[in-house]
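This report describes selected structural features of one protein model. Please consult the sequence and the structure shown below while reading.

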Amino acid sequence: MNISARQLRAFVALADEKHFTRAAQRCHLTQPAFSALIRALEDTAGVRLFDRSTRHVELTAEGRVLDASARRLLGDLELAMEDLRDHAARRRGRVTVAALPSLAAGWLPGLLARYHQDHPGITLQLRDALLDPCLDMVQSGAADFAVAARRADMTDLDSEFLHADRFFLVCRQDHPLAGRAQVRLRDLARWPLIQLARGSSVRRHLDEALGAGGAAPLLEVEHLATVTGLVCAGLGISVVPAMTLFHFRREELVIKPLAGRPLTRPLYLVRRQGRTLSSAAQALYDLLLEHRERIGEA
């Protein structure tokens with residue numbers, strides 16, 4: 001049975017007005033067009049829904065059965081359309097962002113706070129994870145998009161460049177490298193190195209830069225806070241990107257840019273290929289793009 005919302009609205013109008021002309025005017029239709037809608041509805045239902053006379057229009061018994069259901073269906077449709085309008089207007093909805101831990105802790109919070117202030121009805125979810133889990137969440141649809149680096153396998157993923165995250169040396173103030181005017185990557189080879197685990201984007205880019213000749217790290221750890229503690233204890237030095245430096249801004253530590261050709265970790269906004277973001281997700285995506293020039297200030 002194929003009954004349209006237009007037919008149901010005409011039916012309810014006639015049930016309320018009990019007069020074809022007034023009901024047609026309420027629906028902004030000519031009377032012939034309105035009468036055709038009612039006839040088509042009765043033909044589809046296979047029963048008469050109104051008793052008509054020169055003076056009266058009344059619901060039949062079958063019409064009274066349809067009346068309650070028609071009003072409920074139209075109410076449900078209006079609620080659904082209102083919900084859709086709210087989502088389109090970014091008054092309601094949900095956005096899930098996957099982000100590398102350094103970005104999730106350093107650059108994103110201020111922008112997420114701004115987004116939440118502008119769109120308080122949107123539910124935000126932030127999934128901080130290492131590179132592969134971040135991109136896996138986007139591939140599977142568990143996240144709308146990611147703020148992350150790229151990996152070798154970017155199947156079904158599109159990426160938009162965000163920022164080149166430059167690497168820095170971090171060491172104790174009493175370390176011999178701390179007093180040098182310039183420190184190059186090759187100067188680090190003789191010193192014990194504290195590194196993040198191989199699953200991190202930081203480690204992948206650093207391993208690529210150091211090449212096969214790079215010395216094995218003294219210690220590999222999962223978290224930047226641990227790297228900070230180990231460097232502060234004098235166990236070694238580390239090389240980390242700018243977006244992580246808030247962990248290392250301590251009196252006993254020195255942060256030095258590496259001389260020579262800049263060593264960087266390219267960062268991207270990553271989304272599923274060929275998939276349209278929701279209005280809420282697109283608004284956050286656009287906000288991050290708008291502020292990418294300030295990413296280095298985090």
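How many nonpolar, polar and charged residues does the lining of the largest cavity have? By class, this lining has 6 nonpolar, 2 polar and 1 charged residues. The model examined here is predicted.

## The enclosed cavity

The structure holds 1 cavity of 30 Å³ or more. The space within the largest cavity amounts to about 40 Å³. Its lining is formed by Ile194, Gln195, Leu196, Val202, Arg203, Leu206, Ser238, Val239 and Val240.

Three elements give two or more residues to this lining: strand E7 (194-196), helix H8 (201-210) and strand E9 (238-241).

## Domain arrangement

The domain assignment divides the protein into domain 1 (5-89), domain 2 (93-161 + 266-294) and domain 3 (164-265). Domain 2 is thus given as two segments, 93-161 and 266-294. Between the C-alpha centres of domain 1 and domain 3 the separation is 72 Å.

## The largest pocket

The largest pocket has a volume of about 270 Å³. Its lining comprises 17 residues, and those nearest the centre of the pocket are Pro101, Ser102, Leu130, Glu222 and Leu224. Helix H5 (101-106), H8 and helix H9 (224-232) are the elements that give two or more residues to the lining of this pocket. H5 gives the most, with 3 residues. By class, the lining residues of the largest pocket divide into 9 nonpolar, 5 polar and 3 charged.

Where does the largest pocket lie with respect to domain 2 and domain 3? Both domain 2 (93-161 + 266-294) and domain 3 (164-265) give residues to its lining, so the pocket lies between them.

## Packing of helices H1 and H3

Two packed helices are described by the angle between their axes and by the distance between those axes. For helix H1 (residues 5-17) and helix H3 (residues 31-45), the axes come within 9 Å and cross at roughly 105°. This crossing makes H1 roughly perpendicular to H3, because angles of 65 to 115 degrees count as roughly perpendicular.

Which residues of H1 and H3 meet? On the H1 side they are Arg6, Gln7, Ala10, Phe11 and Leu14, and on the H3 side Phe34, Leu37, Ile38, Ala40 and Leu41. By class, the contact of H1 with H3 has 8 nonpolar, 1 polar and 1 charged residues.

Methods:
Residues numbered from 1 in each chain as written. Predicted model: local features only at pLDDT ≥ 70, side-chain atom pairs only at ≥ 80, totals over all residues. Heavy atoms only, no water. Axes fitted to C-alpha atoms, helices over the stretch in contact; angles between N-to-C directions. Helix = DSSP H or I, 4+ residues; strand = E, 2+ residues; numbered from the N terminus. Parallel < 35°, antiparallel > 145°, perpendicular 65-115°, else oblique. Contact = heavy atoms within 4.5 Å. Nonpolar A, V, L, I, M, F, W, Y, C, P; charged D, E, K, R; others polar. Domains from an automatic or database assignment. 1 Å grid on protein atoms, 1.4 Å probe; cavity = no way out; pocket = protein on both sides within 12 Å on 5 of 7 lines; lining within 4 Å. Points joined across faces, edges and corners; volume = space filled by probe spheres on them.
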